[in-house]
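Open the model in your viewer and set it to a cartoon view. The stops below tell you what to select and what you will find there.

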Amino acid sequence: MGKILNQRTVIAVLVIFALVFPLIYADNRYVLHVMTIGFIFAISVYGMNLIAGFTGQLSLAHAGFFAIGAYTLGILTTRNEMNFWLALLLAVLLTSAAGLVLGLIALRTKEHFFAIYTLIVGYLIYLLIDKWDGLTGGVRGLIGIPIPDPIGPLTFESATSMYYLVLAFLLLSIFISVRIVRSLTGRTYIAIRNSEELAQTLGINTRINKLVSFVISVAYAGLAGALYASLTRFIGPDVASTNMVFNFLMYLIVGGIGTLSGPLVGTMLFIWLEQFLRSYQEYHLLIFGPILVLMVIFFPTGIVGGFYKIKAKLQHKKLPKESKYFNPVPEKSTEK
Amino acid sequence: MLKLTDVTVRFGAFEALTKVNIEVKEGELVVLLGANGAGKSTIFNAISGLYKPAAGEIEFIGKRVNGYSPDRMVKEGTSQCPEGKKLFPDMTVQQNLMMGGFVHRRHKDQLKTSLEEVYELFPILREKKEHAAGSLSGGQQQMVAIGRALMARPKLIMMDEPSIGLAPLIVEQMFSIIRKINESGTTVLLAEQNANAALKIADRGYVIENGSVVLQGSSKELFHNDAIRQAYIGA
């Protein structure tokens, strides 16, 4: 059974499933749309996971950066009628630049101060978007954001084509995340998460490493935001709201913070749960709240982390006691 | 090699170190003796750049290094093995060791040699290299901590209470390995409460109390000093 369920097989099955999914639901725009939104949010959650899960710095500004990406794309494509792809690139770059500047200041604070500071940064971005009528359209939002320009024969008019476009970006995002986490850079981030002082005494410049991790994570948010704007064609200040960032955090914690598949698992689970529980309106939070509390107490690394722990226990492997995280795959490729 | 002149460290109004003078010559094995909270770790952290001295001078290989950042100090050639064998529990033994070689990350061949040397010094770690570091026994974790500090190929290695929490037999092994590390050319600065074991391998020692050096001398002198025998050796 271990052989059948090995990682490669699971990943291959999931990718194939994602690829054929639109063929099964070809005439169901709603299902495709929900999946696409889920993928977009997952990209953003992967970004959060890099800084919060692997580097140990809980950033709550990610909805703000998501919004910067969304509005950059929205403004450039509607007002300036810029080419979508160029606007997408600029959206990611501008978000990263904003992350660099705000990160330089934010990363002078530590632990819960960093969380509070970034929460405030996120809120300030929301206020800026809400009040700066001339640029952002204020509460009215931005309408008429165009769909992606065609690349040669490829057009993005149908729900299916958007689905594939976003899926491609999601796979790219996951791939980059995996490469980072399994490299020395990733272990440097994990070292900082374990103990900043210890990391420093090993010769790691923690300030630069945290900043780079923060900027990369923010770039993810910017990319997700830009894709979101182009998918929904309309954005309002709500995309920067604190609700949004706490949703991301919930997906991350329940899926598995500090794990590589957690962001996808958590996001897709909640995106569909929200759909099924929609008829209960706000009362769905009555279900989500307790789930979250129970998860944090009993499975601090979420569904994915819990799965690995149970698996390790069944194989009678010893687990480290000092840490809630457990990196189940020692990467052999980088070590000889 | 290392010279601390009137080093004072303050945390707010609290003076943790008062005018500490310590000198370590190249190739020596020097021990700092002192009870919990005497200031041994603070001295280490001041040298490694984690704490900035409020006053005084720190000199390392002829250079004034006051206010150097911790990562810069590692590049200068110091390496710290912190108290309580602080490892990265989510990483495997080998990943922990490789983190110690962070400053040499671009020299893959050298890292390989260093790793090989560590495994020769601690053969058990080779067997356990794929295990999560947090799942090892106390003695093995201490070996990983020392091995990790050696991976930086330091000129000066600082070990903070390597014997703490270990069984007597393991302590003996640990100290003979520390001696071996010193004999192979690395200068060692050791902080210990176990004066008996430490003075047996050290060349010289300093006794730290309440953030000041109260006594210094060769190991022999200290070993036969009545005050020390009463306070630390218990005979």
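The tour visits two sheets and then a single residue.

This is a predicted model: local features need pLDDT of at least 70, side-chain atom pairs count only at pLDDT 80 or more, and totals for chains, interfaces and linings use all residues. Residues are numbered from 1 along each chain as its sequence is written, while chains are lettered from A and ligands numbered from 1 in the order in which they are written.

**Stop 1: a sheet of four strands**

Select S2, S1, S4 and S5 of chain B, which in that order form an open sheet with antiparallel pairing. Strands here are DSSP runs of E with at least two residues, helices are runs of H or I with at least four, and both are numbered from the N terminus. Two strands pair if DSSP finds at least two bridges between them. At the edges are strand S2 (14-24) and strand S5 (63-64) of chain B, each pairing on one side only. Now pick strand S4 (residues 55-60) of chain B: 2 bridges join S4(B) to S5(B), and the two run antiparallel. One residue to click is B:Phe60, whose bridge partner in S5(B) is B:Lys63.

Add helix H1 (residues 40-48) of chain B, which packs on this sheet and touches strand S1 (2-11), S2 and S4 of chain B. Touching rests on contacts, that is, C-beta atoms, placed from the backbone, within 7 Å. The direction of H1(B) makes about 70° with that of S2(B). Such angles run from 0 to 180 degrees between N-to-C directions, with axes fitted to C-alpha atoms, for helices over the stretch in contact.

**Stop 2: a sheet of six strands**

Select S6, S7, S8, S3, S9 and S10 of chain B; in this order they form an open sheet with mixed pairing. Strand S6 (78-81) and strand S10 (212-218) of chain B each have a single partner strand, so one side of each lacks a neighbour in the sheet. Between S6(B) and strand S7 (residues 156-160) of chain B there are 4 bridges, and these strands run parallel. B:Cys81 has B:Met159 as its bridge partner in S7(B).

**Stop 3: one residue in chain A**

Go to A:Pro148, in the loop between strand S1 (142-143) and helix H7 (159-181) of chain A. Is A:Pro148 buried or exposed? A:Pro148 counts as buried because it has 22 C-beta neighbours inside 10 Å; the cut-off for buried is 20 or more other C-beta atoms within 10 Å, with 12 or fewer for exposed and partly exposed in between. Leaving aside neighbours within four places in sequence, A:Pro148 is in contact with A:Phe84, A:Phe156, A:Leu165 and A:Ser230.

Note on methods: Two residues are in contact if their C-beta atoms, placed from the backbone, lie within 7 Å.
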